[in-house]
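Reader: I should like a close look at a single part of this model. Please take one helix and describe how its residues are arranged and what surrounds them.

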Amino acid sequence: MCKRVLVLDMGNVLISYDTEAILRRQGVTDKADMALFQQIIFDSDVWQNLDRGTAEKTEFIPLIQKLPPHLANLAEDMLLKHIFAESYMPPIPQTEELVRRAHEKGIPIYLLSNAGQDFYQYSKGIPALRYFTGTFISSDYHLLKPEREIYETFFRTFSLAPSDCVFVDDMQRNIDGAKNCGMDGICFNAAREDIAVLYRKLAEKGIIL
């Protein structure tokens, strides 16, 4: 049986998430500065716990204080004064077109993403989401990919059979987690790979657009 449900991640599928590129656009070009910012901010438990829905953005403050002044000022601006995804993670037009084509073919489309509660503000600026049948955000359930429970909760929430779904995510560990729960998947980074590759891989799994 052809799989007829398309499940998409958000970062690097619908919107671009490249921390090095973001920092370069903000004038950070030194490799040591980039590595330090990555370690203290992007790789922090606070970042993950925002996606889990168990942290507040103010918890970044002691981390920001560990940075040298030029990076601390940037981190404060990025994390406390703006909605990060809205300001620094632009939509990917090629994926929007793919989603539109899937919608026109009557294929149900769902979002399954690790994301904090800011999603409900910045998602208004992601045009592709208007075509989605449903959205599942990790922070609403205090779960994270690739935990088994997030996939099982997703299937129950939308009454989906895992075997009917194809999941697209930019991280292999999240695809592996999906497969362990019976959902087929494709590891794909729309910010770096040609969208034609995704069309081909979806067609191989029964979603022809």
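Author: The following account concerns helix 2, with a short addition on the sheet. The model is a predicted one, and helix 2 comprises residues 31–42.

The start of the helix may be taken before its sides. Asp30 caps the N-terminal end of helix 2. In this cap, a side-chain oxygen of Asp30 lies 3.0 Å from the backbone nitrogen of Ala32.

Along helix 2, the buried residues are Asp33, Met34, Phe37, Ile40, Ile41 and Phe42. Because these residues cover an arc of only 150° around the axis, they lie on the same side of helix 2. An α-helix has 3.6 residues a turn, so residues three or four places apart point the same way. The face turned away from the buried side carries the exposed residues Lys31, Ala32 and Gln39. Ala32, whose backbone nitrogen takes part in the cap, is thus named again among the exposed residues of that face.

What covers the buried residues of helix 2 includes several other helices: helix 1 (19–25), helix 3 (45–52), helix 4 (61–64), helix 5 (69–81) and helix 6 (84–88).

The sheet may be added for orientation. Five strands form an open sheet with parallel pairing, in the order 3-2-1-4-5. Its edge strands are strand 3 (134–137) and strand 5 (184–187), each of which pairs on one side only. Neighbouring strands of this sheet are turned by 20° against each other on average, direction ignored. Strand 4 (residues 165–169) pairs with strand 5 in the parallel sense over four bridges, and Val168 stands opposite Ile186 in strand 5.

Methods:
Residues numbered from 1 in each chain as written. Predicted model: local features only at pLDDT ≥ 70, side-chain atom pairs only at ≥ 80, totals over all residues. Heavy atoms only, no water. Buried < 20%, exposed > 50% of the residue type's maximum accessible area, 1.4 Å probe, protein only. Helix = DSSP H or I, 4+ residues; strand = E, 2+ residues; numbered from the N terminus. Arc of directions from axis to C-beta. Contact = heavy atoms within 4.5 Å. Polar contact = N/O pair within 3.5 Å; in protein donor to acceptor, adjacent residues only side chain to side chain. Pairing = 2+ DSSP bridges. Axes fitted to C-alpha atoms, helices over the stretch in contact; angles between N-to-C directions.
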